[in-house]
Amino acid sequence: MKIYDEKHIKNIALVGAHNSGKTTLAETMLFEAGLLNRRGSIEDKNTVADYHQIEQERESSIYATPLHTEWRNYKINIIDTPGLDDFIGEIASTMRVADSLVTVINAQQGVEVGTEIIWEYINRFSRPTLFVINQIDHPQANFDKSYQSIVDLVGSNAVKIQYPIIIDGAQCIVDVLKMKVYKFKPEGGKPEKLEIPEDQKEMADYLQNELIEKAAENDEELMELYFDKGTLNEDEMRLGIQKGMLNNELFPVFCVSALNDMGSGRLMGFIDNVAPAAADLKPEQSVEGEEIVCKSDGPTILFVFKTFHEPSLGQITFFKVKSGEVKQNDRLKNSRTNEVESLNQLFIMDGKKRHAVEKLTAGDIGATLKLKSTETNDTLHAVGEEITVKPIVFPAARIRKAVTAVNKKDEEKLNEILKKFHSQDPTVVVKYSKELKQVILSCQGELHLATIDWALQNLYGIKAQFDQPKIAYRETIQRPATKSYKHKKQSGGAGQFGEVHLKIEPWYEGIPDPEGFNIRGTEIEELTWGGKLVFYNCITGGVIDTRYMGAIMKGILEVMEEGPLTGSYARDIRVMIFDGKMHSVDSNDISFKIAAAHAFKAAFLDAKPKLMEPVHNLEVRVPEDLMGNVMTDLQSRRSIIMGMDSDGNHQIIKAKVPLAEMYRYSTSLRSQTQGRATFKTEFASFEPVPQNVQKELIKKED
Ligand SMILES: Nc1nc2c(ncn2[C@@H]2O[C@H](COP(=O)(O)OP(=O)(O)OP(=O)(O)O)[C@@H](O)[C@H]2O)c(=O)[nH]1
Ligand SMILES: [Mg+2]
């Protein structure tokens, strides 16, 4: 295969809402580039991009799949991404390495919730983007409405390069950059190129003028030329469009029928002619603050944007060459682990097909096998360099489940595989909670979970069970209490003796020191489970030796960890040790620890203990007409509405919701709004549990 340099490599990601036709378009692009003799289809389950069994079963993409084409002078890598937002991790990592994005819009729907979610990411990654209105062949297609919805989304920077018309019953596309009409034959094949018919001239001229003005705006020289000549030629327009795309100030809009292969050849031509090449993008800053320039004579730097475990192959590592060149058998250092990895095999991938290559240059995307310890988001660089590519920031989890193996014997294997899943897909997070004594799996939604479950069963033969996780409550107190305890044991040999008098009080940030005590020492213990224990030694007259204070504090901490009320960690308490007794022979650490634990527990139970529950901040973005449903549902979840903002024709509801009430929220929201709402959630604070709920929880404990 020909070696392309950074000026002749273009990485394009196909992004867009579920079912807009990305995978079908990818197939058609490969066909147009001559890589396929026959196009596969979603229904026949034989597309190049959706090659995983689960994708074929569900007729929907789940993984981002890199493909490649060679088109005239360029190597155009195409990454097909899933549209369902449960797989946003795949979308985010692809956007990170793409040089431009092709956002596919379903002409039946126009911009959908899925498109809006992707638009947020486009803004975050600020990648040059063009829009393709697909499915123009469909009886329900509405190009004008779809175009308008793009304008509503991105504003006046959207610019129409094409629009569909019918001439003599045949599907045609008017192209105002080329000023030509493409007329498609029902049987396929190359379209006929026609002059623009009289009745379309006015419209086409108007759109071309608009395009020229927008293209000229992006460059001073072009602007001058435009003022001089009153127009721009095709090459000048292309240059202006490219600059506008690079500045995220121009979003060209095309139309196609991916299914009938109409317009995809022209789209490829535009990508080839106009879309920025890898080297045209602004250099990135490394973690260390250095510029990473995409050039093949720079130091070798690879960024791992995806890893995938194929049971038959082992781990496949996908990378983008950010700088320099990588050759077969190169040894590169992983900047996270400091381990040197041998890249014994280099490939470019077309779905499941691998093509071995000897070398890949800056800007290109490739894969390797069997690295020792390299994960998604790692940097591999030439030994001697010290550089780390900024990692992809993945979205926070939206659902949590307690996971166990149905067969006890699989438990260890299950945990190992889940860890592997995390290293491939950082939006799968697996943690053992010591507190809950459960393995908690967090991910993006029920569908994401279903694919994890599918892989466990079908690829690893493990049946897992997913349950509602227990809730990590906290205990604290609401009023002061004073107690004492004498621990005394005399059973032959050495005895035990320790007596502790203590007062406990609720603690909060900024509370002044307690009054009426002679404070001799203070210790502030930051509890590993959040909150504090503030410990005051207020002993007078040496009735308890200072050397026992450590043991006393330990006794108290043990009770706090046990949780006197329901077995949940206690927090935010201060304790004043103000009196007690020692015995010159029998006193020791253990005696004081026991005495302190008893005194503390009794005081705790007397101090009007209460349960606190984790409360999350929730932000729901919902179309205005569905606000009512979402609000009613939130009220049934003991939530507090904190505010509302409007955002176009959406409302953003901000609320605080107890975690205990958030179980299956993702699924429930989806069904209340037909998937038109999205939400984010994060831990906010611990708040008191209402009396009735607390009673239930204490009962459960008994
Ligand atoms: N009529 C018509 N149908 C199309 C066209 N493109 C795709 N489809 C159909 O739309 C459905 C979804 O197509 P996909 O290519 O899987 O869409 P996608 O965007 O990859 O979907 P996800 O991967 O789930 O996000 C399939 O049934 C396709 O046959 C088109 O141009 N015209
Ligand atoms: Mg797809």
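# Reading a predicted model, feature by feature

Trainee: Strand β17 (residues 330-334) and β23 run antiparallel, with 3 bridges joining them. When do two strands count as a pair?

Mentor: Two strands pair if DSSP finds at least two bridges between them. Strands are DSSP runs of E with at least two residues, helices are runs of H or I with at least four, and both are numbered from the N terminus. In the β17 and β23 pair, K333 stands opposite H381. Before we go on, a word on the model: it is predicted, local features need pLDDT of at least 70, side-chain atom pairs count only at pLDDT 80 or more, and totals for chains, interfaces and linings use all residues. Residues are numbered from 1 along each chain as its sequence is written, chains are lettered from A and ligands numbered from 1 in the order in which they are written, and side-chain values use heavy atoms, with hydrogens and water left out.

Trainee: Which other strand is joined to β23 by 3 bridges?

Mentor: That is β14 (residues 301-310), which runs antiparallel to β23 (residues 379-382). Here F303 has T379 as its bridge partner.

Trainee: How many bridges hold β25 and β26 together?

Mentor: β25 (residues 429-433) and β26 (residues 438-443) pair in the antiparallel sense over 5 bridges. K431 of this pair faces I440 in β26. The hairpin has 4 residues between its strands, and K437 in it has a positive phi near 55°.

Trainee: What sign of phi do most residues other than glycine have?

Mentor: Most of them have a negative phi. In this chain, K45 departs from that with a positive phi near 55°; K45 sits in the loop between α1 and α2. M179 is likewise not a glycine, and its phi is positive at about 55°. Look for M179 in the loop between β8 (170-175) and β9 (180-183).

Trainee: Are K45 and M179 buried or exposed, or in between?

Mentor: Buried means under 20% relative accessible area, exposed means over 50%, and partly exposed lies in between, using a 1.4 Å probe and protein chains only. K45 counts as partly exposed because its relative accessibility is 35%. M179, at 19%, is buried. Over the whole chain, 57% of the 702 residues count as buried.

Trainee: Now the magnesium ion. Which atoms coordinate ligand 2?

Mentor: Donors are N, O and S atoms within 2.8 Å of the metal (3.2 Å for Na, K and Ca), and sites may look incomplete because water is not among the atoms. Here the magnesium ion is coordinated by OG1 of T23 and OG of S61, at 2.0 Å. These two are 38 residues apart and link distant parts of the chain: T23 is in helix α1 (residues 22-32), and S61 is in the loop between α2 (53-58) and β2 (65-71). T23 is buried, with a relative accessible area of 6%, and S61 is buried too, at 7%.

Trainee: Which side chains make polar contacts with S61?

Mentor: A polar contact is a pair of N or O atoms within 3.5 Å; within protein, one must be able to donate a hydrogen and the other to accept it, and residues adjacent in sequence count only if both atoms are side-chain atoms. The side chain of S61 makes one with that of T23 at 2.8 Å and another with that of D50 at 2.7 Å.

Trainee: And which residues come nearest to ligand 1?

Mentor: A residue is near a molecule if one of its heavy atoms lies within 4 Å of it. Of the 21 residues around ligand 1, the nearest are H18, K22, T24, E43 and S60. Helix α1 gives the most to this shell, with 3 residues. A polar side-chain atom of E43 is 2.5 Å from an oxygen atom of ligand 1, and for an N or O atom in the side chain of K22 the distance to a ligand oxygen is 2.7 Å. N19 uses its backbone: a polar atom there lies 3.0 Å from an oxygen atom of ligand 1.

Trainee: How much of ligand 1 does the protein cover?

Mentor: Accessible areas come from the Shrake-Rupley method with a 1.4 Å probe. On its own, ligand 1 has 650 Å² of accessible area, and the protein covers 91% of it.
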